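Q: Please take a close look at one part of this structure, where two of its elements pack side by side, and then follow the chain outward from there. I am a first-year student, so please explain each term when you use it.

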Amino acid sequence: MHPQITESPGLARRLGLFDITLLVMGCIIATSIFITPQVVARDVKSQTLQLLAWVLGGLFALSGAFAYAELAARRPQAGGQYAYLRDAFHPGVAFLYGWCSLLITQTGSMASVAVIFARYFGELTGGQVSPAVVTTVTIGALSIANCFGVRTGSTLQNVFMIIKIAAIGGLILCGWFLAPARWWPPDAAAPPVDAWNFAVDFGSAMVLVMFGYGGWHLATFISGEARDPRKTMPRGLIFGVLGVVALYLGVNIVCLRVLGPDLQITVAPASAVMRLALGQRGADFIAIGIAISAAGYLSQATLTTPRLYYAMAKDGLFFESVAWLHPKTRVPVLAILMQGACAILIALTGRFEEILRYV
């Protein structure tokens, strides 16, 4: 028996299963899947073990999604993971988690992805606009859009996610049907590897794989605004993670098929696959896809994480004004704008590599 659901004060329940599923996928898929297959191939020489690493990563993510599905069904409250930490351990633990999210992890991740977006935007437009302007305008525009209501923010996120799925699907289809195949030699032909070195290399690859699968828990921040959250949140978490596993495996399979041994030294494997399939048009297509994927990640971060700060403020662990909801849209406007301002500040004060070290 589940305990009785406690409504989140002031936040309307407007998001259905489709919205939550796409949101979970958007929380996971940013830009790493377009790059990390090369790093995994460099560390793990066997193509079978490379795919195994992505399968294992998907199983770990799915296990976490099952656990959070139960938590979301029992406590569908604004703030998600913050509420779980508060109730399971101590409000002080949740307090530290919330402040770290605002000052380091969430805003730092947003800043790093915004820098990636600005880089690809500059390449596609010829560098006519300063990266600082691009990052500021992008984060600012998404923050303002989310102030118009959860339905507006969710619709924007859905559009980004559908385009993102289409871009990744296009990469998989073009890589499978239009590009020449260069499968690696059979694993049996690979030289023997010392067990300890193999364990270290495989473990190193798994760190990147798990990073690529991270983020599904962010969807729980908005569980207070899901319709029938006892059913919607668990199903959305599980369907979303399974969808990402399918897309990630598809990308890795076509990278192995098209690039073969060169995958280990190809810094931008997704672009290389599309260039072999469609020429420069293919490379431009995937560059647009990566830019949209980055913007989509920023969109979901703007939609989800401010609910954490709202929940903290409702508990008296944050500035009281952050709990203010707009009387018409019923969203925490100040929380959204505060997070956007912090992300912009981090993006403007450090290069991409410095931001990653900061996060």
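A: Helices α6 and α13 are roughly antiparallel to each other, a label given to angles over 145 degrees, while those under 35 count as roughly parallel, 65 to 115 as roughly perpendicular and the rest as oblique. In this predicted model, where local features need pLDDT of at least 70, side-chain atom pairs count only at pLDDT 80 or more, and totals for chains, interfaces and linings use all residues, α6 covers residues 131-146 and α13 covers residues 333-348, and the two pack at about 170 degrees with their axes 9 Å apart. Residues are numbered from 1 along each chain as its sequence is written, and side-chain values use heavy atoms, leaving out hydrogens and water. Helices here are DSSP runs (H or I, at least four residues; strands are E, at least two), numbered from the N terminus, and an axis is a line fitted to C-alpha atoms, for helices over the stretch in contact, with angles from 0 to 180 degrees between N-to-C directions.

On the α6 side, the residues that meet α13 are Ala-132, Thr-135, Thr-136, Ile-139, Gly-140, Ser-143 and Asn-146, and on the α13 side their partners are Ile-336, Leu-337, Gly-340, Ala-343, Ile-344, Ala-347 and Leu-348; contact means heavy atoms within 4.5 Å. Sorted by class, this contact between α6 and α13 holds 8 nonpolar residues, 6 polar ones and no charged residue (Ala, Val, Leu, Ile, Met, Phe, Trp, Tyr, Cys and Pro count as nonpolar, Asp, Glu, Lys and Arg as charged, the others, Gly among them, as polar).

Stepping back along the chain from α13, we come to Arg-330 in the loop between α12 and α13. Arg-330 has a positive phi near 60 degrees although it is not a glycine, whereas most residues other than glycine have a negative phi. With 29% relative accessibility, Arg-330 counts as partly exposed, the class between buried (under 20% relative accessible area) and exposed (over 50%), using a 1.4 Å probe and protein chains only.

Helix α12 itself, residues 306-314, is mostly covered, with 8 of its 9 residues buried: Pro-306, Arg-307, Leu-308, Tyr-309, Tyr-310, Ala-311, Met-312 and Ala-313. These buried residues pack against α13, and also against α4 (81-88), α5 (91-125), α7 and α11 (280-304). After α12 comes Gly-316, with a positive phi near 80 degrees.

One of those partners of α12, helix α7, spans residues 150-177 and contains Ser-154. Ser-154 is buried, because its relative accessibility is 2%, and beyond its neighbours within four places in sequence Ser-154 is in contact with Leu-15, Asp-19 and Leu-303.

For a second helix pair, consider α3 (residues 47-74) and α9 (residues 229-259), whose axes come within 9 Å and cross at roughly 170 degrees, so that these two helices are also roughly antiparallel. Their contact has 23 nonpolar, 4 polar and 1 charged residues. Asp-228 lies in the loop between α8 (195-213) and α9; this residue is not a glycine, yet has a positive phi of about 45 degrees, and at 43% relative accessibility Asp-228 is partly exposed.

Finally, Phe-34 belongs to the loop between α1 (17-28) and α2 (36-43), and is buried because its relative accessible area is 3%. Apart from neighbours within four places in sequence, Phe-34 touches Ile-168, Pro-269, Ala-270, Ile-286, Ile-290 and Ser-293.
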